[in-house]
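Thanks, everyone. Let's get straight to the fold. Please have the structure open in front of you.

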Amino acid sequence: MEHHWSDGLFNAIDSMDTDKFVSYISQDGTFTFGTNRPVTGRDNIHKVIASFFQSIAGIKHDVKNVWDTDGHLIMRGSSSYTRHDGSLLTTPFCNVFKMEHGKIKTYDIYIDLSQLYVTA
């Protein structure tokens, strides 16, 4: 499976372009972000992501590894989040995608964002 589209996915996320982001997910896809409950359906995912993007000032991903196996993509790296006060949180992540017909059917993000909204 080719996954060069993942550059576009992460560009959409890093530019906080919600419409572009959800275009990578199937209409009935499921998105699970950290310890949040799973969200199903592109429109519902759009709402969740738009709200998340409003809660931060910026985001930047650094993808270190990509594994492609039997209809699944696994990506590991780090995410740097800029808070509205200008401070930064960098934390590791692992994304697991189940692919179907060239779209993401399930999108699971394993990340600890417990410190994202904590400022010193």
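I'll take the sheet, then the helices, then the core, and finish with two loop residues.

One caution at the start: this is a predicted model.

Start with the sheet. It is open, and it has six strands. The order is 2-1-6-5-4-3, and the pairing is mixed. Which strands stand at the edges? Strand 2, residues 39–40, and strand 3, residues 58–69. Each has a single partner strand, so one side of each is left without a neighbour in the sheet.

Now the pairs. Strand 3 and strand 4 run antiparallel, joined by eleven bridges. For a landmark, take V66: its bridge partner in strand 4 is M75. Next, strand 5, residues 88–100, and strand 6, residues 103–111. They also pair in the antiparallel sense, over eight bridges. Here the landmark is N95, whose bridge partner in strand 6 is I109.

On to the helices. Helix 1 covers residues 5–14. It lies across strand 3, strand 4, strand 5 and strand 6. Against strand 3 its direction is at about 160 degrees. Helix 3, residues 42–54, packs on the sheet too. It touches strand 1, strand 2, strand 4 and strand 6. With strand 1, residues 25–33, its direction makes about 40 degrees.

Let's stay on helix 3. It has 13 residues. From first C-alpha to last it reaches 18 Å, close to the 18 Å expected at 1.5 Å a residue. Which of its residues are buried? R42, I45, I49, F52 and F53. Look down the axis: those buried residues fall within an arc of 95 degrees, so they line one face of the helix. The background is familiar: an α-helix has 3.6 residues a turn, so residues three or four places apart point the same way. On the other side of helix 3, D43, K47 and Q54 are exposed. And what do the buried residues pack against? Helix 1, helix 2, strand 1, strand 2, strand 4 and strand 6.

Helix 2 is next, residues 18–22. T18 belongs to it. T18 is buried, with a relative accessible area of 10%. Beyond its neighbours within four places in sequence, T18 contacts H46, I49, A50 and F53. Now F21. Leaving out those same close sequence neighbours, F21 is in contact with L9, A12, I13, F31, I45, I49 and Y107.

That takes us to the core. The largest nonpolar core has 31 residues. Which have the most contacts inside it? L9, F21, Y81, F97, I104 and Y107. At least two core residues each come from helix 1, helix 2, strand 1, helix 3, strand 4, strand 5 and strand 6. Helix 1 gives the most, with five.

Take I104 from that list. It lies in strand 6. Buried or exposed? I104 is buried, at a relative accessible area of 0%. Setting aside residues up to four places away in sequence, I104 touches W5, L9, Y24, I25, S26, G29, F97, K98 and M99. Pick out I25 there. I25 and I104 are 79 residues apart along the chain, yet their C-alpha atoms are separated by 4.5 Å.

S26 is in strand 1. At 10% relative accessibility, S26 counts as buried. With residues up to four places away not counted, S26 touches R42, K103, I104 and K105. S26 and G102 are 76 residues apart in sequence, and 8.7 Å apart C-alpha to C-alpha.

Last, the loops. Most residues other than glycine have a negative phi. Here are two with a positive one. D70 sits in the loop between strand 3 and strand 4. That hairpin has two residues between the strands. Phi of D70 is near 45 degrees, and D70 is not glycine. D70 counts as exposed, at 74% relative accessibility.

The other is H101, in the loop between strand 5 and strand 6. Its phi is positive, about 55 degrees, although H101 is not a glycine. H101 is exposed, with a relative accessible area of 78%.

To recap: a six-strand open sheet with mixed pairing, and a largest nonpolar core of 31 residues. Questions, please.

Terms used: Residues numbered from 1 in each chain as written. Predicted model: local features only at pLDDT ≥ 70, side-chain atom pairs only at ≥ 80, totals over all residues. Heavy atoms only, no water. Pairing = 2+ DSSP bridges. Helix = DSSP H or I, 4+ residues; strand = E, 2+ residues; numbered from the N terminus. Contact = heavy atoms within 4.5 Å. Axes fitted to C-alpha atoms, helices over the stretch in contact; angles between N-to-C directions. Buried < 20%, exposed > 50% of the residue type's maximum accessible area, 1.4 Å probe, protein only. Core = buried A, V, L, I, M, F, W, Y, C linked by side-chain atoms within 4.5 Å. Expected span 1.5 Å × (residues − 1). Arc of directions from axis to C-beta.
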